[in-house]
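Subject: The structure you asked about

Hi,

Here is the structure I promised to pass on. Have a look at it in your viewer first, then read my notes below.

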Amino acid sequence: LGSIRVTEIKAPAGLKICEEAKTFAISQDGDAAKISIDSAVKFTDERIFGGVKIRKADIESGISQAQGNGSLAGAVYGIYNNSGSDVVRKEDLSLAYAHGMEVARITTNENGEASLGAVLQAGSYVIKEISPSEGYRVNRAYSQTFTITKDGEIADLTGVTADEPPIRGGFTVAKKDLNTWVNLPQGDAS
């Protein structure tokens, strides 16, 4: 009787459309038409993967330049699964990360930038600072959510800098008596 050609027009969320069309034969089976489907025929949708990039800045100056002896290099950020289901990384599809689990870590360079290529499965993620670079304190308030929906997409979070407060040096002043070098007043002095 002929054949029928089947193509996918919409893939499930987080998957690419299978571009391959499948053709099936239609034959007569008594009064009914019969479609012959080879049991080995499968439609396979590939996962979508993306990444992220961030920029760290000094919280006081607002720019990506360290103060004093500080450095913007070496701050570590964790990327956590914020999706409603498990996600995988491209290099190990057998290891699933549940909601809230750390999926990856990135470390800033001397310009305060950090990025991760297209290895995160499509989904929602949260990025948070784990440890600061030298001369800075962890900014526990920094948290950015991003979503990967397109294959190869790199979520650009550089518009909202990961601001870090610098560590300020402290000093103590002790007043001592000129004659005794003791930190106690003599007589009626205070």
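What follows is a walk through what I found, from confidence to sheet, core and charged pairs.

**How far to trust it**

Keep in mind that this is a predicted model. The average pLDDT of the chain is 86, and 92% of the residues score at least 70. Which elements sit at the two ends of the confidence scale? Strand E3 (residues 32-36) has the lowest mean pLDDT, 65, while E8 has the highest, 98. Where pLDDT is low, the predicted coordinates should not be read in detail. Go easy on E3, then, with its mean of 65.

**The sheet**

Next, find the open sheet of 4 strands, which runs in the order E8-E5-E10-E11 with antiparallel pairing. Its edges are strand E8 (102-107) and strand E11 (143-148), each of which pairs on one side only. On average, neighbouring strands here are turned by 30° against each other, if you ignore direction. In case sheets are new to you: strands pair through backbone hydrogen bonds, either parallel or antiparallel.

For a close-up, try E10 (residues 123-131) next to E11: the two are joined by 6 bridges in the antiparallel sense. If you want one pair to click on, Val126 has Thr145 in E11 as its bridge partner.

Thr107 belongs to edge strand E8. Is Thr107 buried, partly exposed or exposed? Thr107 is partly exposed, with a relative accessible area of 47%. Beyond its neighbours within four places in sequence, Thr107 is in contact with Gly74, Ala75, Val76, Glu113 and Ala114. Ala73 is 34 residues away from Thr107 in sequence, but their C-alpha atoms are 7.5 Å apart in space.

**The core**

Now look inside. The largest nonpolar core has 22 residues, and those with the most contacts inside it are Ile79, Leu120, Ile127 and Phe146. The elements that give two or more residues to this core are E4, strand E5 (76-81), E8, strand E9 (113-121), E10 and E11. E9 makes the largest contribution, with 4 residues.

Two of these residues are worth selecting. Leaving out neighbours within four places in sequence, Ile79 is in contact with a long list that includes Val52, Met101, Val103, Leu116, Leu120, Ile127 and Phe146. Leu120 sits in strand E9. Why does Leu120 count as buried? Its relative accessible area is 0%, and the label applies because buried means under 20%. Counting only residues more than four places away in sequence, Leu120 touches Ile48, Phe49, Ile79, Val88, Tyr125 and Phe146, among others. Glu153 is 33 residues from Leu120 along the chain, with 9.8 Å between their C-alpha atoms.

**The charged pairs**

How many salt bridges does a search of the whole structure find? There are 5. Here are the ones I would look up:

- Asp156 and Lys53: the closest N and O atoms are 3.9 Å apart. This pair links distant parts of the chain, with Asp156 in strand E12 (residues 154-156) and Lys53 in strand E4 (residues 49-58), 103 residues apart. Asp156 is partly exposed at 45%, and Lys53 is partly exposed at 33%.
- Arg89 and Glu91: their side chains meet at 2.4 Å, N to O. Arg89 counts as buried at 17% relative accessibility, whereas Glu91 counts as partly exposed at 48%.
- Arg105 and Glu102: the closest N and O atoms are 2.6 Å apart. Arg105 is exposed at 52%, while Glu102 is partly exposed at 28%.
- Lys16, Glu46 and Asp151: these are linked in a network of salt bridges.

**One more lysine**

Finally, select Lys22, which lies in strand E2 (residues 22-29). Is Lys22 buried or exposed? Lys22 is buried, with a relative accessible area of 11%. To get a feel for distances, draw a line from Lys22 to Asn109: the two are 87 residues apart along the chain, and their C-alpha atoms are separated by 48 Å.

That's my tour. Write back if you get stuck finding any of it.

Cheers

Conventions
Residues numbered from 1 in each chain as written. Predicted model: local features only at pLDDT ≥ 70, side-chain atom pairs only at ≥ 80, totals over all residues. Heavy atoms only, no water. Pairing = 2+ DSSP bridges. Axes fitted to C-alpha atoms, helices over the stretch in contact; angles between N-to-C directions. Salt bridge = Lys/Arg side-chain N within 4 Å of Asp/Glu carboxyl O. Buried < 20%, exposed > 50% of the residue type's maximum accessible area, 1.4 Å probe, protein only. pLDDT = per-residue confidence, 0-100. Core = buried A, V, L, I, M, F, W, Y, C linked by side-chain atoms within 4.5 Å. Contact = heavy atoms within 4.5 Å.
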